Amino acid sequence: MKLVAVTSCPTGIAHTYMAAESIEQAAKDAGHSIAVETQGAAGAEPVPADVIAAADAVIFAADVEVRGRERFAGKPLVVAPVKRAINDGPGLVAEAVQAAEAGPAASSPATPAAAGAAAAAPAAGPAGLTTKVEQDAGFGTRLRQWLMTGVSYMIPFVAAGGILIAISFIIGGPQVATKVFGGTFHGHTYPAAITGIEGFTIAPVLHAAGIAGLLFLIGKVAFFMLVPVLAGFIAFAMADRMGLVPGFVGGLVATATGAGFLGGLIAGLLAGAIVMALKRPKVPRALAGIMPVVVIPLISAAVTGVIMAVVVGRPVAAATTAMTTWLHGLSGTNAALLGLLLGAMMAFDMGGPVNKVAYTFALASLASGDTKIMAAVMAAGMTPPIACALATVVRKNLFTPAERTAGEAAWLLGLSFITEGAIPFAAGDPLRVIPSMMAGSAATGALSMVFGATSLAPHGGIWVIGLIGKPGLWAAAIVAGTAVSAACLIALKSLRHTARADSTVSVPGNTRVAVGA
């Protein structure tokens, strides 16, 4: 059969391409031809329209919204998370083949009418098989896709802004932030070169802090866009292009009111929901042309902005400020406790919302000149994939062949500070993997804070070791946390392995029969 597939993960770096490779190999082994479109951080090379037209079935292996999914309308469709494509490529290909056999694929490109029909209802074949489409996913799955779409578009701003700030610290020292925005650093008081990002001029910044100050300010501008971009693309995932305007407006209002990252999440969801509601009513043909260009952006931006400014912004800002103040309060005598808490958050959902809260707090601390928290968070985020990889080497028999293969890739992912490298393990056995990873990451975060390690870089893992203060102790914290997580994981999986062995009894003929599930 002829198949096409699209793979896409929140970061668009590792799992997008791992899933593509798994599906391609599975299709090849089964004797099918397949064209895979990887919608990663480097962009996407679209599958040609004629290839889509000739395809018997489509596979979406994506944790974020698939861009241009209307191109595949009318085709039998199978939708799955990226981690399933990585772990079970043959099963996913088999489902696509089954869907193609049950529902005849169109032999020509889908029409707009077919696209609307496909979005409205799943396709059913003569055998009664219903192919899975994105619209039929549960609310929890859809919510995660919306949030992760926003995060995936936000990450390049994090990288660009963070590296610029790191370079400015290298050139001018951590006090460059104080020189630009004013304040006291190590007992010396600096007047503010500017009062805010809006409307700044170059001369005062160059006079106060030189080129380092200018790079720092540009990095801060990139950071200033984090929340609007997050909110804008959450709304985009929910309501397509019409969600961008109210999403960005809501994100900017969230920034202005101090609601921060959490406010951006709320603004994006609110904007998307408002646009989805406004798109429902049928309007006269004369108004249909201006609805997506004028009416919907106007109304949705106004409503989103007013709700964020009047109802949501201030309470969320107060809660965020209280949490931030409490966390910063731990960075003194209770530095180890802060590191332990942030480390556990980094491993809790391995790239999800809780992980991003801890990481965003570290980014804010880095921008304000506190480099210890960034070092602890980065070290804690590196630990889970490395620990999983180590465990697959130490006790191979406790892991499936797919997990051992994922472990080979997890070494590099962990060293590169891509916590998502542990997701294939957590997906298959969350009750044992997640607590094990949290224990090790908590230990790593606490030790990094106690050791006083620092990081001028917001990302990069072992590859930015030159920007790490006390690199030897920082690496020791990672090794210690990795050992804790790997030991816990092996111990918990060994208990399960022993329990399975004990659940069998011998019967005549030397046959082993399992008793109990």
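Leaving aside neighbours within four places in sequence, G343 is in contact with A380, S441 and A442, contact being defined as heavy atoms within 4.5 Å. The structure is a predicted model, in which local features need pLDDT of at least 70 and side-chain atom pairs count only at pLDDT 80 or more, whereas totals for chains, interfaces and linings use all residues. Residues are numbered from 1 along each chain as its sequence is written, and side-chain values use heavy atoms, with hydrogens and water left out.

G343 is found in helix α14 (residues 335-348). Helices (H or I, at least four residues) and strands (E, at least two) are DSSP runs, numbered from the N terminus. With a relative accessible area of 1%, G343 is buried; the term buried denotes under 20% relative accessible area, exposed over 50%, and partly exposed the range in between, for a 1.4 Å probe and protein chains only. Although G343 and S441 are 98 residues apart along the chain, their C-alpha atoms are separated by 4.8 Å.

Two of the contact partners of G343, A380 and S441, also take part in a helix-helix contact. The axes of α16 and helix α19 (residues 430-451) come within 8 Å and cross at roughly 150 degrees. This angle makes α16 roughly antiparallel to α19. Axes are lines fitted to C-alpha atoms, for helices over the stretch in contact, and angles run from 0 to 180 degrees between N-to-C directions. Angles under 35 degrees count as roughly parallel, over 145 as roughly antiparallel, 65 to 115 as roughly perpendicular and the rest as oblique. The crossing of α16 and α19 is right-handed; a crossing has this hand if the near helix is turned clockwise from the far one by less than a right angle, and is left-handed if anticlockwise. On the α16 side, the contact is made by K372, I373, A375, A376, A379, A380, T383, P384, A387 and C388. The residues contributed by α19 are M437, G440, S441, T444, G445, S448 and M449.

The N-terminal strands form a sheet. Strands of a sheet pair through backbone hydrogen bonds, either parallel or antiparallel. Here an open sheet of four strands has the order β2-β1-β3-β4, with parallel pairing. Its edge strands are β2 and β4 (77-80), each of which pairs on one side only. Neighbouring strands of this sheet are turned by 15 degrees against each other on average, direction ignored. Two strands are taken to pair if DSSP finds at least two bridges between them. Strand β1 (residues 2-8) is joined to the parallel strand β2 (residues 33-38) by six bridges, with K2 standing opposite S33 in β2. Strand β1 also pairs with β3 (residues 57-62) in the parallel sense, over six bridges. In this pairing, L3 stands opposite A57, and the bridge partner of V4 is V58. Strand β1 is mostly covered, six of its seven residues being buried.

Helices pack against this sheet. Helix α1 lies across β1, β2 and β3 and runs at about 175 degrees to β2. Helix α4 (residues 89-102) packs on the sheet as well, touching β1, β3 and β4, and its direction makes about 145 degrees with that of β3. Within α1 (residues 15-29) lies E24, which is partly exposed, with a relative accessible area of 37%. Apart from neighbours within four places in sequence, E24 is in contact with I34 and V36. The C-alpha atoms of E24 and L3, 21 residues apart along the chain, are separated by 9.8 Å.

The structure also holds seven aromatic pairs. Rings of Phe, Tyr and Trp (its six-membered ring) pair if their centres lie within 6.5 Å; planes under 30 degrees apart count as stacked, over 60 as edge-to-face and the rest as tilted. One of the pairs is formed by F233 and F236, which meet edge-to-face at 5.7 Å centre to centre, with 75 degrees between the planes. Both residues lie in helix α9 (residues 226-239), three residues apart, about one turn of the helix, and both F233 and F236 are buried. F399 and F425 likewise form an edge-to-face pair, at 6.3 Å centre to centre and 85 degrees between the planes. This pair links distant parts of the chain, 26 residues apart: F399 lies in the loop between α16 (372-394) and α17 (401-415), and F425 in helix α18 (residues 423-428). Both F399 and F425 are buried. In addition, Y153, F233, F236 and F248 form one aromatic cluster.
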